[in-house]
Amino acid sequence: MNKILVLGISPGFAGSPQKSMSIQRVKRWMAKCGYEQTDYDWRNLVDEAGALPKMKEVTIKRHEVSNYEKVVCLGNKPEQWCKSVKIEHLKVPHPSGLNRQWNNPEMETITINNLNNYLAL
């Protein structure tokens with residue numbers, strides 16, 4: 001187990017991590033912070049592709065997350081779950097291209113800087 005967990009909502013519909021623009025964006029962020037894909041783990045709140053679960057439908061358990069030193073939440077739903085089970089974390093904007101926050105050209109730099117500061121182990 002790595003020290004860092006990236007916590008998403010659910011797998012996307014891209015079919016593979018290589019085709020997922022969201023995964024590629026997160027990998028870019030992490031690389032700019034000095035982390036390779038083997039340096040962190042990735043989990044989702046649910047395993048169903050494209051799901052937008054209600055909190056009572058979340059299948060991941062607290063003990064599966066609480067042993068990580070750093071948890072990076074991709075968007076609101078993972079942050080909401082971490083708060084509900086009292087797990088320290090950093091929320092970053094969901095990496096989907098549909099997220100309007102990416103209309104701000106500075107958001108990528110802001111996100112990478114926030115990640116870099118938080119992940120300083």
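Let's start at Asp41, a residue of strand β2, which spans residues 40–44. Keep in mind that this is a predicted model.

Asp41 is buried, yet it has no salt bridge. The nearest side chain of opposite charge belongs to Arg43, 7.8 Å away; a salt bridge would need a side-chain nitrogen of Lys or Arg within 4 Å of a carboxyl oxygen. What Asp41 does have is a polar contact of 2.6 Å with the side chain of Tyr68. Tyr68 also appears among the residues that Asp41 touches beyond four places in sequence, together with Met1, Asn2, Ile4, Leu5 and Val6.

Now for the sheet around this residue. Four strands make up an open sheet with parallel pairing, in the order β2-β1-β3-β4. Because β2 and β4 stand at the edges with a single partner strand each, one side of each has no neighbour in the sheet. On average, neighbouring strands are turned by 25 degrees against each other, direction ignored.

The partner of β2 is worth a look too. Strand β1 (residues 4–8) runs parallel to β2 and is joined to it by five bridges. Arg43, met above, is the bridge partner of Leu7.

Two helices pack against these strands, and the table puts them side by side.

| Helix | Residues | Strands it lies across or touches | Direction |
|---|---|---|---|
| α1 | 21–32 | β1, β2, β3, β4 | about 150 degrees to β2 |
| α3 | 76–84 | β1, β3, β4 | about 135 degrees with β3 |

So where does β2, the strand of Asp41, meet a helix? Helix α1 lies across β2 as well as β1, β3 and β4.

Conventions: Residues are numbered from 1 along each chain as its sequence is written. This is a predicted model: local features need pLDDT of at least 70, side-chain atom pairs count only at pLDDT 80 or more; totals for chains, interfaces and linings use all residues. Side-chain values use heavy atoms; hydrogens and water are left out. Helices (H or I, at least four residues) and strands (E, at least two) are DSSP runs, numbered from the N terminus. Buried means under 20% relative accessible area, exposed over 50%, partly exposed in between (1.4 Å probe, protein chains only). Lys and Arg count as positive and Asp and Glu as negative; His and the chain ends are not counted. A polar contact is a pair of N or O atoms within 3.5 Å; within protein, one must be able to donate a hydrogen and the other to accept it, and residues adjacent in sequence count only if both atoms are side-chain atoms. Contact means heavy atoms within 4.5 Å. Two strands pair if DSSP finds at least two bridges between them. Axes are lines fitted to C-alpha atoms, for helices over the stretch in contact, and angles run from 0 to 180 degrees between N-to-C directions.
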